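Visitor: I would like a careful, close look at one part of this protein, explained step by step for someone new to structures.

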Amino acid sequence: TTPIVAVVGRPNVGKSTLFNRLTKSKMALVDDLPGVTRDRLYGRVESYEKPFTLIDTGGFDPPADQAFADEVHAQIKLAMEEADLILFLTDGKYGLSPLDSHVADMLRRSHKPVIACVNKIDSPEKEDAASEFYALGITPLHFISSAHGYGIWDMMQDVMAAL
Ligand code: GDP
Ligand code: MG
């Protein structure tokens, strides 16, 4: 059977953008508004040595911060059950958020392999500013740009090695 990789992280970190890049589709909705992905999306990734199924975990527009947290919580629990590998995305432009630390705690308690990625690092010189993400305590930690492709190849080497 095909391995399953799930992309998790709080709203607006770029999960759908990464999903679209890897599946080469416009299927996942991308928007400037947080939480635009209404549901989970499944795509096939076939451009690397091992094909796999990719899940874009979404969320809907919750009214308050707590609802955001609940939605992220539910999506991550589902991903932890379903996936063979988890790609944990954070937003290097925004910086480290308490919700990122909460997600990291949840992932640490799962026994699934996790690859952490600081997204929106659109050029190498932006990596220094994002070093605060090492505090999440999850390795490997990759600096990537889902929008422009920076760091994706390196990240995919780790994904391939883990599948
Ligand atoms: P999601 O809520 O986690 O699925 O996030 P989206 O994929 O919808 O992206 C949220 C916003 O971040 C959109 O405005 C994207 O264009 C932007 N974004 C995503 N990836 C990158 C990136 O690598 N660099 C920059 N600068 N912006 C990005
Ligand atoms: Mg999305």
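Visitor: In which order do the six strands of the open sheet lie?

Guide: Before the answer, please note that this is a predicted model, in which local features need pLDDT of at least 70 and side-chain atom pairs count only at pLDDT 80 or more, while totals for chains, interfaces and linings use all residues. Residues are numbered from 1 along each chain as its sequence is written, and chains are lettered from A, with ligands numbered from 1, in the order in which they are written.

The order across the open sheet is E2-E3-E1-E4-E5-E6, with mixed pairing; E2 and E6 (141-143) are the edge strands, each of which pairs on one side only. Neighbouring strands are turned by 25° against each other on average, direction ignored, and H3 packs on the sheet, touching E1, E4 and E5, with a direction that makes about 165° with that of E4. Here strands (E, at least two residues) and helices (H or I, at least four) are DSSP runs numbered from the N terminus; two strands pair if DSSP finds at least two bridges between them; and axes are lines fitted to C-alpha atoms, for helices over the stretch in contact, with angles from 0 to 180 degrees between N-to-C directions.

Let us now look at E3 within this sheet. On one side, E3 runs antiparallel to E2 (residues 41-45), to which five bridges join it, and the two strands form a hairpin with six residues between them. On the other side, E3 runs parallel to E1, and four bridges join this pair. Thr-53 of E3 takes part in both pairings, since it is the bridge partner of Arg-44 and also that of Ile-4. Four of the five residues of E3 are buried (20 or more other C-beta atoms within 10 Å of their own, with 12 or fewer counting as exposed, anything in between as partly exposed, and C-beta atoms placed from the backbone), so E3 is largely enclosed by the rest of the structure.

E3 also leads us to the largest nonpolar core, a set of buried Ala, Val, Leu, Ile, Met, Phe, Trp, Tyr and Cys residues joined through C-beta atoms within 7 Å. This core has 38 residues, and those with the most contacts inside it are Val-7, Ile-86, Phe-88 and Cys-117. E3 (52-56) is one of the elements that each supply at least two residues of this core, while the largest share, five residues, comes from E5.

Conventions. Two residues are in contact if their C-beta atoms, placed from the backbone, lie within 7 Å.
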